[in-house]
Protein chains: 2
Amino acid sequence: MNDEHQHHVILMPSGLRGHVPAGTPLMEAARGLGVELETICNGQGTCHKCRVHIESGDFPKHGITSSPAHLSPPSEREQQMFRQMDDDSYRLACQATVEGDVLVFVPENSLARKQIIRKSANTRRRITVQPSVRPLLTTVEPATLDSHPGDWERLEAALAEQHHLTGLRLELPALRQLQAALRAGKWQVTVILRDNRDILAVRPGLAEAVYGLAVDIGTTTVVAHLCDLCSGEVVATEAAMNPQVTYGEDVMSRISYVMMREDGLDTLHGTIINTLNTLAENAAQSAGIQTDEIYDMVVVGNTTMSHLFLGVSPLEIGRAPFALAERDAVDVCARDLKLALNPAAAVHVLPALGGYVGADTVAALLAETPYDKEVVSLVVDVGTNAEIVLGNRHWMLAASSPTGPAFEGAQITHGMRAAPGAIEQVRVDRQTGEPRFRVIGVESWSDAWETPPEVLPVGICGSGIIDAIAELYLAGVLLPDGHFNPDSTSSQLQWRNGRGVYVLAEAEQTATGQPIVITQKDVRNIQLAKGALYAGAKLLMLRAGVDHVDRIMLAGAFGSHIDTERAMILGLIPDCDLKRVYAVGNAAGDGARIALLNEEKRQETKRIVAHVRHIELSADMAFQEAFVDALALPHATDTFPHLAHILPAPLEEAKPEG
Amino acid sequence: MNDEHQHHVILMPSGLRGHVPAGTPLMEAARGLGVELETICNGQGTCHKCRVHIESGDFPKHGITSSPAHLSPPSEREQQMFRQMDDDSYRLACQATVEGDVLVFVPENSLARKQIIRKSANTRRRITVQPSVRPLLTTVEPATLDSHPGDWERLEAALAEQHHLTGLRLELPALRQLQAALRAGKWQVTVILRDNRDILAVRPGLAEAVYGLAVDIGTTTVVAHLCDLCSGEVVATEAAMNPQVTYGEDVMSRISYVMMREDGLDTLHGTIINTLNTLAENAAQSAGIQTDEIYDMVVVGNTTMSHLFLGVSPLEIGRAPFALAERDAVDVCARDLKLALNPAAAVHVLPALGGYVGADTVAALLAETPYDKEVVSLVVDVGTNAEIVLGNRHWMLAASSPTGPAFEGAQITHGMRAAPGAIEQVRVDRQTGEPRFRVIGVESWSDAWETPPEVLPVGICGSGIIDAIAELYLAGVLLPDGHFNPDSTSSQLQWRNGRGVYVLAEAEQTATGQPIVITQKDVRNIQLAKGALYAGAKLLMLRAGVDHVDRIMLAGAFGSHIDTERAMILGLIPDCDLKRVYAVGNAAGDGARIALLNEEKRQETKRIVAHVRHIELSADMAFQEAFVDALALPHATDTFPHLAHILPAPLEEAKPEG
C-alpha cells in the first residue's frame, strides 16, 4: 500500500491511533482502531448519533497537524444536520472520510456499547450495554402505483439494504402501526427490534426511547428497576409488597392456597400481574415516559414466584419430587400475561437450578460470577429456605436447605420482621450476662438511653436473635448444646418449670409493657434453622471434597443486616476469613438488571445452569447426619480457626458435663 | 445379500410387493415399498395407529404362502393392545418384524398422509393431508428426586429420542397444561405440534382430536369449514352474513367507515371476530367437538377483509397508490385476535397479489393451479371489483378491474341480490321481442305459469340482467352500442321522453304490483361494468402478448349462476370455446381448505406470489382505451369466433345507421 495515501488518525480521549488509507470513512477508521461508534441508522447519516469533533492545529506531542479540512467536505446529510442543530462544529463519522491527518474527539455519547458500573459490596463491575431490544432508524422507499409489494415488504427490503438484516418477523402490534408510522415519518421510521429477528414496534421518524424493566419478585417484596436500554441507566426504581402475602406468608402456604381453591392459581397470578402493572406505571410516571415505551422485561424470583408469575401451577413444587414445569428460561409475550407494557414487549424469566433453587439464585450468580473465579465461593441467600451455592470455575453445587422461617422472626416467641421497633443488635456482658440492644429506628444502644426513645422495642428480628444467641453463648449463659446454663449467674436468666428463659428487655423498656424474652424453644428453633443452613453448606463441601471455603457471599436483606462474626459464632456459616465474608445486597435484582441490559448475559445463564449441579438434600442421609452435628453452638465437631480469638475455649472442653 | 434371509412381502389392497431382509420391521418394509403407515408415537408401539392384518393361507396367484406366524411373536406392547381391544387379529407394523413371507392387509385407516378428493367443476383433485399441526404420542420419564431438569426438559428429551425432534418451543398455554397432563396421562402425553417447532398443547394420554378451520371472509358472506386435520375430512360447514354489511355494503364504504369513525377499525374488526367465533362454536357443536380442539385456521378474503380481520387499518387500500400493510402471508396467534379456539391455535392468512387482488384470488389459484398448466387460463372472480388472473406455467398476470356493483344488482333500477323473488334467467323471442323469465324459488318459466306461483318476482339479479341484455341484443331490441333500437317492434319496448324502457315483467306478474323494467340507464351501467371486466382481461392479454385464452374459469357465486354463453354474447369475457368456460364454484374456500390440510401448499402460495405479476389498471392509459372499445355489445372491434353460430350478424353490418 502506498504510504502517501495513508493518513494518521488519533482518537481522543482514548488516545488510540493508527494509519488508514485515504477515503476511509471515519467510522470505519475508528472501528479499526477499537472504538465502536453509536449508530441507529447503520451509517446512513440520518440518526446523527456518531457525532465527532475534529481538533484544529498542530499537536507536536502527537506528531500531527489536524484540521477539519482534512476530512471530505460535509455531505448533504451533514449539511442537513448543521441546519437542524444550527451548529456545524461536529461531523458525522459515518459520512466524513479521512483525507489527511486528524485528531478526533469522540464525545462519550457517541460511543456504542456504553458501559455502566455496578457497585457491589466487594467489587465494581462494568456491564456492557448490549440489550436484546434496540432501535434502528430506516428510510423506506415510498409506495407507488408501480410498486406491488406491501409496505412491510418495502420496510423489509430497506432493513436488508441499510442494516443487513434478513429473516425478520413483524409482530401483530407492529403490523398494525406500520402504515401510519411510515406516512407520519415521511417514510423514515424507527424499528424496535428484538434479538435481530422480531420487530416489536414501528415508530415515525427517529424514536429512540426504548426502556426495559428488571423485576425481582420476592415472596414478600417486589422490586422493579426501569432502565433506559440505550444508556443502561436506571431511570426509576419502584417497590411494593408482594400482594400474594395476603394469601399466605411463605411459599408453601401459597402453594396450599392454589391446591385448596379452584381459583387459587388465577387469584395469585392475577394479583402479582396487577402489582407489576402498578409498579411499571409508577416507574414510567416518575421517569416521565410512557409504559408503551417499555419493550423488554427480565424477571427473577424463587421457583414458586416464577410459576405464579407465568400463571403456571406451583403444585408440583410443593410435593416430592418437587418437579418444576420448566427449568429453562421462559420467553413470553407481555400481552399474554396481560402486562400493561408495549403490547409487543417481551418477557424473559431467568432459568432455575432445581426445585427450590430459582431464577433469583441464578441472577445472584450472574451478578457475582463465582463460576468464573478460581477461589471457592459459598453463596447463601436466606429466607424460609436457604439457597446455597458452592464452587468455582471448575465445579459448582447448589442446594436448598429447609431452614424454616425462624430467621425471619417466625416461630420465635417475640420474633418479628425487620421493621421499626425490632431489636436488631444484641450484646451480652461476658461477666455479668447483662444485655444491651439496639432497636430499628433508634440510634443509640439501650444502655445509653437516658429517657425512653421514640421507638420502644416490640420484638426481635432475625439479625437480633442471631446476635442474642451468639452473645449468650459467648457469655456462657447458653451451653454449646443450646441449653441455658444452670450454672450461669446472669440475673436475666429465669427458670420456669425447669426451663430457662432469658429476659432481653424488661417490661418497662418495651412498647407492649411485657418483657421481651428468649425461651429455650426459641433457641431450639434457631438451632434447627442454623443447623439446616450449616448442614446444607457442609453437605455441598462434602460432595465437592473441599474442607474450607475461600469466601462467603450473603445475598438478600438478611445477609445485609446480620453481624457476620456472630453468624459464624452461632455456627450459621462455615469457618472463613471474616474479611472475606460479604453481604452482596440484592444480588438477584442486580442480576436481573444485567440480563436486561446485556443479551449475552442471558446466554450466560444457560452456561450457569449447565455448570451448576443441583443436589436434593431432603433425600440425602448424609445431610441428616450433618444436620444433627450442626445443631451445637457453633458445631459439634467442626472447628473455626478464624474465630479462635473470640470463641470461649476449645469446643470439646467447653462441653458441659452430664 | 443372502437370498435365504430375504422374505416376500405383499401389501394389499395396493398390491405393492418386494423382498426384505429377515428381521425388518413391517413398518419399515411397507415404507420401502411405498406405503407410509400412520404413526403418532413414531414407532413406539403405543398409539396403535399402524394396525395391519396378516392373511393366512396359500395365495397361488401371488406365489406366496402367508401366515401370522411369519412375523415375530407379538411384543409386550402388542399384547397390551390385544387385551385393551379384546382382539388379537391385528398386528402393529412398528412392532412386528418380517420372519417369513407375508400377505399384509393395510386398512385405509392405517395409512399415513391420507388423501381427500376435491371435486371441482372440471376436475377431481387429490389433496394429500399433511397439515401444519399434528399430534405426537410420547412417553416421558417420570420426575424423580434425582432428576433435576423440569418436566419440560424431560418432555423435550423424550421428543428428541422418540421423534427425533429438537429445537422445540413450548407455547405458554402448553406450559400451563404440562405438569397436570403428564400426571393425568401417567407420563404418556399427546403433544400437539405445529411446523415441527411449536408445541401448542399437551394432552394426557392418546388425544388425537386435532381440528382446523378454513375460512373465506367474503364482503357479504363468511363461510367456515371445520376439518379433521388427521383424516382431512370436512366435519362441519357453517356460513353467516358478514356482519360488517351493516357498516357498508362494499369494500370502499367500509374503508370510509374506518376513515370517518375513530372506533371504526375496532368496530369492524371486532364484529368479524365475533362472527367467526360464533361460526367456530356452531361448527364445533354440530361436529360434536370442543372449540379447544381447533388448533389451526387458514383465512382468505379480499385485501380489505384480510386487513380488517387482522385489525389492521385498510385506509391505504382506499387511496392511491393502494398500498397493502403486508402482501405476504401473515401468521398470528388466535388468542391475539381474541379468537375462541384453542388458546395456542395458529392463524395463517394467505398472501395477496396486490392492492385489490387478495388472498381469495391466491386461494382460487391454489385450488385451480393454472400456474402449473401449459394452457393459457383466464380466472375471473366478479364482485364489486373483478379480480382477473391470466396466464400459465410460464407467466401470469393479475389485475383488479373496477366493475362497480352493477353485477350484484346495485345501480340497476330493479336490481337485487340473488335471493328468492329475483329474476335469474331471461329469454327474449327473436321475432316478437317478447320476454319469458325464471324466478329464484320457482321451477317453471314465466310463460308456463298457469296460476301465479308462490314466489312472485320482486326484481332482477346479476345473472338475470346479463341474460336480459344479451337476449335483447340477440333479438335486435338493443343495438350493439347499447341503445334501444327505435326500429324494434317489440310490444314490451316503451319510449319515455325519447328513452327506451323494456318491460320484463308486467305489473300484474310481480309481487310489488309494479312492472319490472330495464331502462337505458340500466343497460349503460351493465355496459360500464362488463366493459371494465373485459378491458381488464384484454389489457392482461395485451401485456402478455396473447390473442386468445384457452379456458376461462369463473369463480365465486356470480360465476356459478350466470349463463356463460350469454355472458360472452354480452361481451363480459373474451372469446373462448364455450366447453372450456367453467364455473369453478367457491374456489377461494377450496384453496383455504387445501392450505389448511397441506402445509406445503402454503409454501406454494409464495411461489404463486412470485410467479404472478400484478398490474395496476387505474394508472394504465391502454386500459382506458380498451375500456372504451369494450362498451359495445359484445365489443367494438374484437370478434367472437366461438359465437359465430349465434351472433346476429357481422358486427360492422349490425351497426345502425345515423
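Modeller: Two strands pair if DSSP finds at least two bridges between them. Strands are DSSP runs of E, at least two residues long, and helices are runs of H or I, at least four long, all numbered from the N terminus. This is a predicted model, where local features need pLDDT of at least 70 and side-chain atom pairs count only at pLDDT 80 or more, while totals for chains, interfaces and linings use all residues. Residues are numbered from 1 along each chain as its sequence is written, with chains lettered from A and ligands numbered from 1 in the order in which they are written.

Biologist: What makes E27(A) and strand E28 of chain A a pair?

Modeller: DSSP must find at least two bridges. E27(A) and E28(A) (residues 516-519) have 4, and they run antiparallel. One bridge joins A:Tyr502 to A:Ile518 in E28(A).

Biologist: Which residue stands opposite A:Tyr502 in strand E26 of chain A?

Modeller: A:Leu493 stands opposite A:Tyr502. Strand E26 (residues 493-496) and strand E27 (residues 499-505) of chain A are antiparallel, with 4 bridges. They form a hairpin with 2 residues between them. In its turn, A:Asn497 has a positive phi of about 50 degrees.

Biologist: Why are E24 and E25 of chain A called edge strands?

Modeller: Each of them pairs on one side only. The open sheet has 3 strands in the order E24-E23-E25 (chain A), with mixed pairing. Strand E24 covers 435-439 and strand E25 covers 459-460.

Biologist: How many bridges hold E23(A) to E24(A)?

Modeller: There are 5, in the antiparallel sense, and E23(A) spans residues 422-428. A:Ile423 has A:Val439 of E24(A) as its bridge partner.

Biologist: What lies across E23 and E25 of chain A?

Modeller: Helix H9 (residues 462-474) of chain A does, at about 15 degrees to E23(A). Axes are lines fitted to C-alpha atoms, for helices over the stretch in contact, and angles run from 0 to 180 degrees between N-to-C directions.

Biologist: Why is H5(A) called oblique to H6(A)?

Modeller: Under 35 degrees counts as roughly parallel, over 145 as roughly antiparallel, 65 to 115 as roughly perpendicular, and the rest as oblique. The axes of helix H5 (residues 251-260) and helix H6 (residues 264-287) of chain A cross at roughly 130 degrees and come within 6 Å. H5(A) is therefore oblique to H6(A).

Biologist: Which residues in H5(A) and H6(A) meet?

Modeller: Contact needs C-beta atoms, placed from the backbone, within 7 Å. A:Arg254, A:Tyr257, A:Val258 and A:Met260 in H5(A) meet A:Gly264, A:Leu265 and A:Leu268 in H6(A). They divide into 5 nonpolar, 1 polar and 1 charged. Nonpolar covers Ala, Val, Leu, Ile, Met, Phe, Trp, Tyr, Cys and Pro; charged covers Asp, Glu, Lys and Arg; the others, Gly among them, are polar.

Biologist: How do you know how the two copies are related?

Modeller: Chain B lies on chain A with an RMSD of 0.2 Å after a turn of 180 degrees and a shift of 0.0 Å along the axis. The two copies are thus related as by a two-fold rotation axis. The fit is by least squares on the C-alpha atoms of residues with pLDDT of at least 70 in both. In chain B, the C-alpha of B:Asp336 comes closest to the axis, at 4.1 Å.

Biologist: Why say the copies meet through the same surface?

Modeller: Because 100% of the interface residues of chain B are also interface residues in chain A. In the contact, 34 residues of chain B touch 34 of chain A. H4(B) gives the most to chain B's side, with 5 residues. That side divides into 17 nonpolar, 8 polar and 9 charged.

Conventions. Contact = placed C-beta atoms within 7 Å.
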